[in-house]
Amino acid sequence: MNAPSAKPYLSKSRLISAWQCSKKLHLEVHHRELGETSSMAESLFAAGHRVGEIAQQIFGAGGGVEIPYSVGLNEALRQTAELVANGHDAPIYEATFQHDGVLVRTDVLLPLGNGGWRAIEVKAAASVKLHHELDCAIQYWVLRNAGLDLKTISLAHMDTAFVYAGGANYRGLLVEADLTTKAQQLQDEVVELISTARTAVTGALPDIPVSDHCYSPYECAFISHCWPAQAEYPVMGLGGSKAELAGWVNAGCRDIRDVDAGALTGATRLRIHAATCKGKEEVSADAQQVFAQFAYPRYYLDFETIGPAIPRWAGMRPYQAVPVQWSCHVDHGATEDGVEAIRHHEFLDLSGDPPMRALAEKLVQCLGSSGPVFMYTNYEQRVINGLAKMFPDLAAPLAGIVERLVDLHPLVKQHYYHPKMLGSWSLKAVTPTVASELDYSALEGISEGMAASDGYLEAIHPDTTPIRKIELEQQLLEYCRLDTKAMVKIVQVLASGKPASGPSSPDG
């Protein structure tokens, strides 16, 4: 094994960062405080860690030796070198190697006999990506140059066709792709990448203009730093091609109003630009008539789902989205005394048992057999269709609900826009422009979908304390309830045919 080098420390993840953008790597090393880690990134990291644990069960059948990160770099290098030198005949997990200042930790290292080894990189992804190939090529370069007789390197990724049978038996969850030949072909690129990364770490901040590379293979944590976000209406709010947006930014545009309307194509961008220049919301002339056609009672439905990499219950596949919670506001229209009659219903089961059957039964009971069921995007339709496949005896009433579904998203997009929506007609973008009192940012703990999924999984985990479980339950209920509350308010505003005025919210 080679002794640690005095050259700048480069990990595999740093090299991948440099491959995406050398400016990104420089900021990671010297100005990490400028980055923002999204809940999505945190969730993906946690999923990768869990898949790594499952991989050890699959490839080692419970055996093998893990080199813990906590022992430190030098000790990890020493332990790995000792195991390899002594002809260790069982899997080594997180085997640690270093060559010329580049460090890698290999997820699974399997002995082949006669001194040969094969390496396996484990990913929670559903297929092999370009950066996975480079990942394996970097490992191949380090391990071979560090003196290991590495015969093959492969990538183990999720097999989305795998169906969990229960009993904590995940054999078959991962499928391997041999990337040895590809890794060999990329060796020159690895050498060039190492040079680029060293320059990014030791040199001045690279002058890299923003472009679509800021989002591939991952959304960069420094987007809010590199893309102008301090304007009242940032250029990003025009939406569409990231490369085109970057072109305007690199030309000096900071605000949507800085962009020449003559340079815009597409009706949506022209509409966003025109409304932003006017500086006020628009409600179409026929919005009131469109929404007046919907009879009472009106139902407003929202699901929360989980789609973990590791299937939770028997019959599930990796990343299969299954509903675990719903909220429904029901608007019965005005009562005889003119008071709005809005009621709220909800479902959430944190027992840890599969909740789908009870969820579907309660849903059928709540929604009845008549009245429009509003949703925001057609996700709810996909969820209900999935429930019908899951429970054939409920297929008829669930199919009846599907026939009553009304997707609010295209209706809102057709009839409403506010400059503060910044080109997005998502529920969270529209809501504060029609009802400032319905504030997602004021929610405690859980304020978006990924956090809701993670919160549910934490709540049903056996190690979660009762107090924490109660906290999560309250947060989950409040978040899902706010989604349907927001839909009620949006319909109220558009049905009035007038811009939103004054705070008010539906009951419940």
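Student: How many residues does helix 18 have, and what distance does it reach from its first C-alpha to its last?
Tutor: This is a predicted model. Helix 18 covers residues 466-496, which is 31 residues. At 1.5 Å a residue, the expected reach is 45 Å. From first C-alpha to last, the helix comes close to that, at 45 Å.

Student: Which residue takes a positive phi just after helix 18?
Tutor: Helix 18 ends at residue 496. Just after the helix, phi is about 70 degrees. The residue with that positive phi is Gly 497.

Student: At what angle do helix 5 and helix 7 pack?
Tutor: Helix 5 is residues 130-145, and helix 7 is residues 187-202. Their axes lie 9 Å apart. The angle falls within 65 to 115 degrees, so the two helices count as roughly perpendicular. The value is about 85 degrees.

Student: Which residues of helix 5 make the contact with helix 7?
Tutor: Take the helix 7 side first. It supplies Gln 187, Glu 189, Val 190, Val 191, Leu 193 and Ile 194. From helix 5 come Leu 134, Ala 137, Ile 138, Tyr 140 and Trp 141.

Student: Is His 415 buried or exposed?
Tutor: His 415 sits in helix 15, residues 408-415. Its relative accessibility is 3%. Buried means under 20%, so His 415 counts as buried.

Student: Which residue joins its side chain to that of His 415 by a polar contact?
Tutor: Leave out residues up to four places away in sequence, and His 415 touches several others, including Arg 271, Glu 282, Val 290 and Leu 494. Asp 286 is also one of those it touches. The polar contact is 3.4 Å, and the partner is Asp 286.

Student: Where does Arg 357 lie, and which residue makes a polar contact of 2.6 Å with its side chain?
Tutor: Arg 357 lies in helix 12, residues 356-367. At 29% relative accessibility, it counts as partly exposed. Beyond its neighbours within four places, Arg 357 is in contact with Phe 391, Asp 393 and Leu 394. The polar contact of 2.6 Å is with the side chain of Asp 393.

Student: What distance separates the C-alpha atoms of Arg 357 and Phe 391?
Tutor: Along the chain, these two are 34 residues apart. They are also in contact. Their C-alpha atoms are separated by 7.4 Å.

Student: Why is there no bond between the sulfurs of Cys 220 and Cys 226?
Tutor: Cys 226 holds the cysteine sulfur closest to that of Cys 220. A disulfide needs the sulfurs within 2.5 Å. This pair is too far for a bond because the gap is 6.0 Å.

Student: How many disulfides does the whole structure have?
Tutor: Consider Cys 253 as one example. Its nearest cysteine sulfur, in Cys 277, is 12 Å away, and Cys 253 is in no disulfide. Cys 253 is also buried, at 12% relative accessibility. Across the whole structure, the search finds zero.

Student: Which residue does a cis peptide bond join to Tyr 296?
Tutor: Omega of this bond is about 0 degrees. The partner's place is in the loop between helix 11 and strand 9. The partner is Pro 297.

Student: Is Ala 168 buried or exposed?
Tutor: Ala 168 is in the loop between strand 6 and strand 7. Its phi is positive, near 60 degrees, though the residue is not glycine. The relative accessible area is 52%, and over 50% counts as exposed, so Ala 168 is exposed.

Methods:
Residues are numbered from 1 along each chain as its sequence is written. This is a predicted model: local features need pLDDT of at least 70, side-chain atom pairs count only at pLDDT 80 or more; totals for chains, interfaces and linings use all residues. Side-chain values use heavy atoms; hydrogens and water are left out. Helices (H or I, at least four residues) and strands (E, at least two) are DSSP runs, numbered from the N terminus. Buried means under 20% relative accessible area, exposed over 50%, partly exposed in between (1.4 Å probe, protein chains only). A polar contact is a pair of N or O atoms within 3.5 Å; within protein, one must be able to donate a hydrogen and the other to accept it, and residues adjacent in sequence count only if both atoms are side-chain atoms. Contact means heavy atoms within 4.5 Å. The expected span of a helix is 1.5 Å times one less than its number of residues. Axes are lines fitted to C-alpha atoms, for helices over the stretch in contact, and angles run from 0 to 180 degrees between N-to-C directions. Angles under 35 degrees count as roughly parallel, over 145 as roughly antiparallel, 65 to 115 as roughly perpendicular and the rest as oblique.
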